[in-house]
Amino acid sequence: MLDDAEFLDHVASALAELPGVLGVALGGSRAQGVSHPGSDWDFSLYYRSTFDASAVRGLGWAGEATDVGGWGPIFNGGGAFTVEGRPMDIHYRDLDLIDRIHDDAERGEFRIEPLLFHQAGIPTYILLAELGVNRVLTGDLPRWEYPDALRESAPPVWWEGARLTLHYARKGHAAHGRVAQCAGLLSEAACRTGHAILACNGEWITNEKQLLTLAGLREVDGVIARLSSEPKALIAAVDEVGAILRRAAAEAGVVDAVQRDR
């Protein structure tokens, strides 16, 4: 049985030798020093323009992998495997796409794409965030600071989405006692606000797992835990979450946060 260091070297070496791979990075909790013994291992392999995913399958590891594009245009594919008894994810990353996203971000431009398990969707600049926090294992991969133009443009976009989500939670669901939908929208609004706050701070974030914690929004948990199916109580809960989010956004300096909510 390989120890962690040997396992890391084994996987990185195997991925680095695949045709077209220019670099390999360790991501997720293990790269950021917040893992626990049961955490899986996240590896990103970087290429330019084209990559044949059959090379990953050819390694013979137990698991499955998509073709390139299998998870959409941004997180453009990968797979889940078990290697040496360890759960492991592999992600494909196109450096040509990343260069274009970086050029857009330097102008303050980005898109928000839907992706499974991400309530608020993912911003295209999440690929830059990965390179900002991941641990490079092989190759010469770029690493960028948070663009100033993005710090200006992203917060109001995220906040407007949070504001509209709160509005629909109140009128579309809370008023009718629909607890499940209301809870989902409150969580989504909190995630959108979290993105706004971290963008304002110029702080990279790669997923939603630590988003509310880093943005100082864990207070929302208590409100959602107390949700009732009684419409007046649900409306009051939406208003309470709204107040928490507005206050946090205003304290972080999100552009015109309070004024935009009026």
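A pocket, in the sense used here, is an open set of grid points with protein on both sides within 12 Å along at least five of seven lines. In this predicted model, the largest pocket holds about 950 Å³ of space. Its lining is made up of 31 residues, and those that lie nearest its centre are D42, H91, H118, N207 and K209. Several elements of secondary structure contribute to this lining, since helix 2, strand 2, strand 5 and helix 5 each supply at least two residues.

Enclosed space was examined as well as open space. Rolling a probe the size of a water molecule over the atoms shows where empty space is left. The structure holds one cavity of 30 Å³ or more, and the space in the largest cavity comes to about 30 Å³. The residues that line the largest cavity are Y125, Y146, H195, L198, A199, E203, W204 and I205.

Helix 4, which covers residues 95–106, consists of twelve residues and reaches 16 Å from its first C-alpha to its last, a span close to the 16 Å expected at 1.5 Å a residue. The buried residues of this helix are L95, L97, I98, I101, H102 and A105. When helix 4 is seen down its axis, these buried residues fall within an arc of 150 degrees, and they therefore line one face of the helix. A general feature of helices is useful when reading such a pattern: an α-helix has 3.6 residues a turn, so residues three or four places apart point the same way. The elements against which the buried residues of helix 4 pack are strand 2 (41–47), strand 5 (86–94), helix 5 (126–133) and helix 6 (148–173).

The two ends of helix 4 can be described in turn. At its start, a side-chain oxygen of D94 comes to within 2.9 Å of the backbone nitrogen of D96. The helix is followed by G108, a residue with a positive phi, near 80 degrees. G108 also takes part in an interaction with S153, a residue placed in helix 6: a polar atom of the S153 side chain lies 2.7 Å from the backbone oxygen of G108. When neighbours within four places in sequence are left aside, S153 is in contact with both G108 and F110.

A second serine with a polar side-chain contact to the backbone is S39, which is found in the loop between helix 2 (28–32) and strand 2. Because residues under 20% relative accessible area are classed as buried, S39 counts as buried at 8% relative accessibility. A polar atom of the side chain of S39 lies 2.9 Å from the backbone nitrogen of H36. Residues up to four places away in sequence not being counted, S39 touches S29 and R30.

Backbone angles in two further loops were also considered. Most residues other than glycine have a negative phi, and most peptide bonds are trans. S49, in the loop between strand 2 and helix 3 (54–57), nevertheless has a positive phi, near 70 degrees. A positive phi, near 55 degrees, is likewise found for E84, a residue in the loop between strand 4 (78–83) and strand 5. With a relative accessible area of 35%, E84 is classed as partly exposed, because that class covers values between the 20% limit for buried residues and the 50% limit for exposed ones.

Methods:
Residues numbered from 1 in each chain as written. Heavy atoms only, no water. Helix = DSSP H or I, 4+ residues; strand = E, 2+ residues; numbered from the N terminus. Expected span 1.5 Å × (residues − 1). Buried < 20%, exposed > 50% of the residue type's maximum accessible area, 1.4 Å probe, protein only. Arc of directions from axis to C-beta. Contact = heavy atoms within 4.5 Å. Polar contact = N/O pair within 3.5 Å; in protein donor to acceptor, adjacent residues only side chain to side chain. 1 Å grid on protein atoms, 1.4 Å probe; cavity = no way out; pocket = protein on both sides within 12 Å on 5 of 7 lines; lining within 4 Å. Points joined across faces, edges and corners; volume = space filled by probe spheres on them.
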